[in-house]
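Colleague: Please put the model on screen, and then I will ask about it piece by piece.

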Amino acid sequence: MRVFDFLRDENSRNEWYILSNGGVVQEMAHIANGRDTGNCVSLLRVNSANSSQTNMLILQYSCTDPTASFVIYAIVDIVAMNVVLNGGDPNYVALLPSGFAILPDGSSGSTGSGMADAGGSSGGSLLTVAFQILVDSIPTAKLSLGSVATVNNLIACTVERIKVSLSCENA
């Protein structure tokens with residue numbers, strides 16, 4: 001649950017989300033989806049620390065149950081989101097979802113929900129990271145080595161930031 005809460009919370013997002021560039025993340029809308037407070041859809045705004053950069057919106061879906069937790073998000077165009085929020089057709093909003101799947105690692109201290117067991121110890125988590133990134137707007141374009149290196153670096157930096165922020169020793 002600690003990993004799930006860390007990844008879904010807008011207040012800790014700039015600790016791991018490289019594309020926020022140190023900007024402040026603010027939740028603009030929160031729609032609950034069930035009894036657990038972690039099960040929701042949120043609209044987040046990243047207010048850039050650099051005033052010359054455009055602010056971005058992030059549509060985020062998070063859910064948790066005793067078997068797994070997910071945090072899925074996509075950057076959305078501000079103009080397109082305003083059209084949808086004003087009753088426009090959501091089919092014209094391009095989404096490239098990215099996110100995380102968090103599962104208990106099955107260690108002896110882990111209960112199904114990733115919470116501490118009666119003995120007070122907590123198990124670990126298996127974190128799967130997935131990014132969808134538009135590298136080239138031309139569908140037939142070939143993937144360059146530079147693009148692969150950039151995406152690989154983005155994934156490695158994101159995972160490292162998560163490990164450091166959560167003080168992971170055995171990751």
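Modeller: The expected span of a helix is 1.5 Å times one less than its number of residues. Helices (H or I, at least four residues) and strands (E, at least two) are DSSP runs, numbered from the N terminus. This is a predicted model, in which local features need pLDDT of at least 70, side-chain atom pairs count only at pLDDT 80 or more, and totals for chains, interfaces and linings use all residues. Residues are numbered from 1 along each chain as its sequence is written, and side-chain values use heavy atoms, with hydrogens and water left out.

Colleague: How far apart are the end C-alpha atoms of helix α4 (residues 145-165)?

Modeller: With 21 residues at 1.5 Å a residue, α4 should span 30 Å. The separation of its end C-alpha atoms agrees with this, at 30 Å.

Colleague: What arc do the buried residues of α4 cover around the axis?

Modeller: An α-helix has 3.6 residues a turn, so residues three or four places apart point the same way. In α4 the buried residues (under 20% relative accessible area; exposed is over 50%, partly exposed in between, with a 1.4 Å probe and protein chains only) are S147, L154, T158 and I162. They lie on the same side of α4 because the arc, taken from the directions from the helix axis to the C-beta atoms, is only 55°.

Colleague: Which exposed residues are on the face of α4 turned away from its buried side?

Modeller: The buried residues of α4 are covered by elements that include α1, α2 (13-16), β5 and β6. The face turned away from that buried side carries the exposed residues L145, N152 and V164.

Colleague: Which strands stand at the edges of the sheet?

Modeller: The sheet is open, with 6 antiparallel strands in the order β1-β2-β3-β4-β5-β6, where two strands pair if DSSP finds at least two bridges between them. An edge strand has a single partner, so one side of it is left without a neighbour in the sheet, and this applies to β1 (24-32) and β6 (125-130).

Colleague: Which residue stands opposite S98 in β5?

Modeller: β4 (residues 69-76) and β5 (residues 98-104) are antiparallel, paired over 5 bridges. Along this pairing, I72 stands opposite G99. The residue opposite S98 is Y73.

Colleague: What is the bridge partner of L103 in β6?

Modeller: β5 and β6 run antiparallel and are joined by 6 bridges. Since 5 of the 7 residues of β5 are buried, that strand is largely enclosed by the rest of the structure. The partner of L103 is L126.

Colleague: Which element gives the largest share of the largest nonpolar core?

Modeller: A nonpolar core is a set of buried Ala, Val, Leu, Ile, Met, Phe, Trp, Tyr and Cys residues joined through side-chain atoms within 4.5 Å. The largest has 17 residues, and L7, W16, F100 and I162 have the most contacts inside it. Two or more residues each come from α1 (2-8), β2 (40-47), β3 (56-64), β4 and β5. The largest share, 4 residues, comes from α1.

Colleague: Which residues is W16 in contact with, leaving aside neighbours within four places in sequence?

Modeller: Contact means heavy atoms within 4.5 Å. On that basis, W16 touches F6, L7, Y73, F100, T158, R161 and I162.

Colleague: What is the relative accessible area of A94?

Modeller: A94 sits in the loop between α3 (78-85) and β5. It is exposed, because its relative accessible area is 67%.
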